[in-house]
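Grab a pencil and work through a few exercises on the structure below. Each one sets a task and then walks through the solution.

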Amino acid sequence: MTYQEVVKDIEGRIGKFKSKGNVRIRKFLEKNGSPHKNLKVIHVAGTNGKGSTVNFIKDILKEDYKVGSFVSPHLITYCDRIKIGDAEISRDDFADIGEFIINRESEIIEEYGALNLFEFLTIMAIVYFEREKVDLAILEVGMGGRADSTNIFTSREKLISIITSISMDHMEYLGSTIEEIASAKAGIVTEGGLVVTTNKDRKILRIINKEVEEKNAEIFYTKNLESEIIKSSLFGIDFKLKLDDWESFILTQIGDYQVENAIGAIYALYLLNKKKILKISLEKIKSRIEKSTWAGRMEIVSRDPLMILDGAHNFDGIKKLVESIDNFKFKKLHLIMSILSDKEHKKMLEEISNYTDEVVFVNLDYKRGTNPEELKREAADYGLHAEVMNVEDAINYYKEKYQDGDLILVTGSLYFVSEARSVILNYNYSI
């Protein structure tokens, strides 16, 4: 099969669904040599920040270890979900492993049904990492945790579980309360395992702690660490963090919310080093995290005009986004936005309306996109004048209106950010 044929196959599969477990992926792997048992894993769950945390850890460790990483969704192609170091899985390997999975799926399909899209891609990442004999695999949970396709590892394989910021999202699948959602995320904790969380909310921590106690795990909280942002601008962030002593760190990435994700990554690696599970010095962590970049997350794609992309795909993401842009000195905010239908779009619009009086909504060629005409009507309730355009017209519209000192912000789901990014980077803007 070709790469395109495998992509066509997986895009025809069911994406998300309610599940009481992940039996199907376990059975597939068991019938095919259990390659997941040959990996050493760092597992990252959460609502926001888990992809950034995976990326920070990958960028810190990639020079000393052969590191595989698996994230979702993809920004450009399916291949950018699965990497070793900075190198994406090749289309040839994607096609080869994809064909292998399709051919072997018949062994489970009668009893358990067909693999869904995320199960398929998780298996592909596991098979690829095992074939390439990575030293370490960093895996981002797809949606929940307990029933997620990635939650198939025991404490024998898993070095640490990291639980990033939890908020209301995917309620249709994970539950209608923050406690239910936290319980789903906390399900990645393994018996006797090591856990780091960046959460501070007592309701969430109560649920995580209950899981930790039941599984005799050991938990560490970044909320117990002293930290301070020294400087935050369009050129990066300086912050300090107290571990054994006060340590200074610099991020090239912008957006204050990235400090929380960075601290989660730093603390996890600090603990793994202290427990002699991995060998990584604070000096290496400092120098490498400064160089870490993450496309589509508070990414400056142009400085003239100033244009930022951010995949703030839910209410918590929007809250953190506007907290960050508060640090940036701009005259007028020009907003281009698209929101998926299963998000709290009224709350998101209300939050962003404090920073601008107009917005352009883009209609996603994607089944989960909210009808932009509906968003336009809702925006009016919060004093926002709204237009509906395609991505290219929206960019041109604000290009004409842009004046020195303004900011063009493109935000919404990563599916939308991906589409916008490909259009924007075709322009000859100065970076």
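**Exercise 1. Find the strands that pair with β5, and say how they run.**

Step 1. Start with strand β2 (residues 67-70), which runs parallel to β5 and is joined to it by four bridges. Pairing here takes at least two bridges found by DSSP between two strands. Strands are DSSP runs of E with at least two residues, helices are runs of H or I with at least four, and both are numbered from the N terminus.

Step 2. Pick out one bridge: Ser 69 has Ile 138 in β5 as its partner.

Step 3. Now look at strand β1 (residues 41-45), which also pairs with β5 in the parallel sense, over four bridges. Here His 43 stands opposite Leu 139 of β5.

Before going on, a word about what you're looking at: this is a predicted model, where local features need pLDDT of at least 70 and side-chain atom pairs count only at pLDDT 80 or more, while totals for chains, interfaces and linings use all residues. Residues are numbered from 1 along each chain as its sequence is written, and side-chain values use heavy atoms, with hydrogens and water left out.

**Exercise 2. Decide whether strand β5 is enclosed or open.**

Step 1. Count the buried residues (buried means under 20% relative accessible area, exposed over 50%, partly exposed in between, with a 1.4 Å probe and protein chains only). In strand β5 (residues 136-140), five of the five residues are buried, so the strand is largely enclosed by the rest of the structure.

Step 2. Check the two faces. Leu 136, Ile 138 and Glu 140 are buried on one side, and Ala 137 and Leu 139 are buried on the other, so both faces are covered.

**Exercise 3. Work out the layout of the sheet that holds β10.**

Step 1. Write down the order: β9-β10-β11, an open sheet of three strands with antiparallel pairing.

Step 2. Find the edges. β9 (227-233) and β11 (246-251) each have a single partner strand, so one side of each has no neighbour in the sheet. From one strand to the next, the twist averages 15°.

Step 3. Zoom in on strand β10 (residues 236-242), which pairs with β11 over six antiparallel bridges. One of the matches is Asp 238 with Ile 250 in β11.

Step 4. Add the helix. Helix α10 (residues 257-274) packs on the sheet and touches β9, β10 and β11, with its direction at about 45° to that of β10. Contact means heavy atoms within 4.5 Å; axes are lines fitted to C-alpha atoms, for helices over the stretch in contact, and angles run from 0 to 180 degrees between N-to-C directions.

**Exercise 4. Describe how α3 meets α10.**

Step 1. Take the geometry. The axes of helix α3 (residues 50-61) and α10 come within 9 Å and cross at roughly 50°. The two helices are therefore oblique to each other; under 35 degrees counts as roughly parallel, over 145 as roughly antiparallel, 65 to 115 as roughly perpendicular and the rest as oblique.

Step 2. List the contact. From α3 come Ser 52, Thr 53, Phe 56, Ile 57, Ile 60 and Leu 61, and from α10 come Gln 258, Asn 261, Ala 262, Ala 265 and Leu 269.

Step 3. Sort by class. The contact of α3 with α10 has seven nonpolar, four polar and no charged residues. Ala, Val, Leu, Ile, Met, Phe, Trp, Tyr, Cys and Pro count as nonpolar, Asp, Glu, Lys and Arg as charged, and the others, Gly among them, as polar.

**Exercise 5. Place helix α12 in its surroundings.**

Step 1. Count again: nine of the 11 residues of helix α12 (residues 315-325) are buried, so the helix is largely enclosed by the rest of the structure. Among the buried ones are Phe 315, Asp 316 and Lys 320.

Step 2. Name the cover, which includes α10, β13 (306-310), β14 (333-338), α13 and β17 (407-412).

Step 3. Compare directions. The axes of α12 and α13 come within 9 Å and cross at roughly 10°, so α12 is roughly parallel to α13.

Step 4. Look at who meets whom: Phe 315, Ile 318, Lys 319 and Val 322 in α12 meet Lys 347, Met 348, Glu 351 and Ile 352 in α13. By class, that contact of α12 with α13 has five nonpolar, no polar and three charged residues.
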